[in-house]
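User: I'm new to this one and would like a friendly tour. Could you show me the structure first, and then I'll ask away?

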Amino acid sequence: MCYSKTFSEKIKKMRANMHKDVDKLCEHLESNREDQVKLAVTEMEDHVSEDMLEVVKAHCQDQESAPLVHEELQELRRRVRCKDQRPSDSDLKTEGPQAQQAEETLCQMVYRLFQEMLQRLKETWEKVWAWVKEKMAHLYSAMEYVWNMIYSVFSSVSHSLLSPLQA
């Protein structure tokens with residue numbers, strides 16, 4: 001599949017941003033400040049979601065057969081930016097199975113935060129994918145209906161044109 005220059009640029013931008021976010025996280029690891037590490041992971045998640053959204057948008061705009069219209073792009077953006085699946089700062093501080101244990105090292109905490117972030121990203125993008133497939137199914141149904149109408153009209157016209165010739 002051939003991708004446009006815009007799509008390739010968005011992929012490169014996403015890769016560069018991910019590297020910057022990892023560098024920022026490493027800087028916070030050096031300071032050994034837990035709150036800064038959590039903030040860096042949260043920012044990384046936001047940046048990854050935003051960059052992935054831009055990649056999807058670029059890809060959809062390249063598709064001549066089914067580009068997303070403005071309203072659908074807004075809905076896609078709203079679904080990606082929905083933060084209700086991410087725990088708040090106060091939730092992160094409360095005790096629970098996912099809360100940091102007293103004996104948990106900084107590396108273990110970072111690993112846990114990454115796992116949680118990846119799980120949230122996976123869930124978000126699975127929901128987005130399901131929504132896009134649903135939208136495309138509706139588009140397919142609409143296009144199939146339009147095609148059937150066009151076919152019916154042209155079939156009727158062709159039969160009408162053939163009738164005098166057959167008589």
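Analyst: Happy to. Going from the N terminus, the elements of the chain run α-α-α-α-α. Keep in mind that this is a predicted model.

User: How many helices and how many strands are there in the chain?
Analyst: The run of elements from the N terminus reads α-α-α-α-α. Counting up both kinds for the chain gives 5 helices and 0 strands.

User: What share of the residues counts as buried?
Analyst: To count as buried, a residue needs under 20% relative accessible area. The chain has 167 residues, and the buried part of them comes to 26%.

User: And the outside: how much of the exposed area do carbon and sulfur atoms supply?
Analyst: The chain exposes about 11,800 Å². Of that area, the part supplied by carbon and sulfur atoms is 59%.

User: Among contacts with a separation of 6 or more, what percentage comes from residues 24 or more positions apart?
Analyst: Here's one example of residues far apart along the chain: C82 and T124 are 42 residues apart, with their C-alpha atoms separated by 8.5 Å. For the chain's contacts with a separation of 6 or more, the part from residues 24 or more positions apart is 72%.

User: Where is C82 found, and is it buried or exposed, or something in between?
Analyst: C82 sits in the loop between α3 (70–81) and α4. Its relative accessibility is 26%. Buried means under 20% and exposed means over 50%, so C82 counts as partly exposed.

User: Let's talk charges. How many salt bridges does the count come to?
Analyst: Side chains of opposite charge can pair when their charged atoms come close. The cut-off here is a Lys or Arg side-chain nitrogen within 4 Å of a carboxyl oxygen of Asp or Glu. By that rule, the number of salt bridges is 7.

User: Which residue forms a salt bridge with E43, and which helices does the pair tie together?
Analyst: The partner is K24, with the closest N and O atoms 2.4 Å apart. Because E43 lies in helix α2 (residues 34–62) and K24 in helix α1 (residues 5–31), the pair ties together parts 19 residues apart in sequence. Both ends are partly exposed, E43 at 22% and K24 at 31% relative accessible area. To name them again, the helices are α2 and α1.

User: Now E45 and R120: are they buried or exposed?
Analyst: These two form a salt bridge, with the closest N and O atoms 2.8 Å apart. The pair links distant parts of the chain, E45 in helix α2 and R120 in helix α5, 75 residues apart. As for accessibility, both E45 and R120 are buried.

User: How far apart in sequence are K122 and E126?
Analyst: Their side chains meet in a salt bridge of 3.7 Å, N to O. K122 is partly exposed at 45% relative accessible area, and E126 also counts as partly exposed at 45%. Both residues lie in helix α5, about one turn of the helix apart, which is 4 residues.

User: Which residues do salt bridges that share partners join into one network?
Analyst: Start with E104, found in the loop between α4 (89–93) and α5. Its side chain has a polar contact of 3.0 Å with the side chain of R112. At 15% relative accessibility, E104 counts as buried. The network is made up of E104, R112 and E116.

User: Leaving out residues up to four places away in sequence, which residues does E104 touch?
Analyst: Touching here takes heavy atoms within 4.5 Å. With those sequence neighbours not counted, E104 touches M109 and R112.

User: Which residues form the nonpolar patch on the surface?
Analyst: The patch has about 810 Å² of accessible area together. One of its residues, V146, is found in helix α5 (residues 106–166). V146 is partly exposed, with a relative accessible area of 40%. The full list is Y145, V146, W147, M149, I150, Y151 and F154.

User: How many aromatic pairs does the count come to, and what is the angle between the planes of W147 and Y151?
Analyst: The count comes to 1 aromatic pair. W147 and Y151 form a tilted pair, 6.1 Å centre to centre. Both lie in helix α5, 4 residues apart, and both are exposed. The angle between their planes is 40 degrees.

Note on methods
Residues numbered from 1 in each chain as written. Predicted model: local features only at pLDDT ≥ 70, side-chain atom pairs only at ≥ 80, totals over all residues. Heavy atoms only, no water. Patch = residues over 30% accessible without salt bridge, like charges linked within 9 Å, V, L, I, M, F, W, Y side chains within 5 Å. Areas by Shrake-Rupley, 256 points an atom, 1.4 Å probe, with all protein chains shown as cover. Helix = DSSP H or I, 4+ residues; strand = E, 2+ residues; numbered from the N terminus. Buried < 20%, exposed > 50% of the residue type's maximum accessible area, 1.4 Å probe, protein only. Phe/Tyr/Trp six-rings, centres within 6.5 Å; stacked < 30°, edge-to-face > 60°. Polar contact = N/O pair within 3.5 Å; in protein donor to acceptor, adjacent residues only side chain to side chain.
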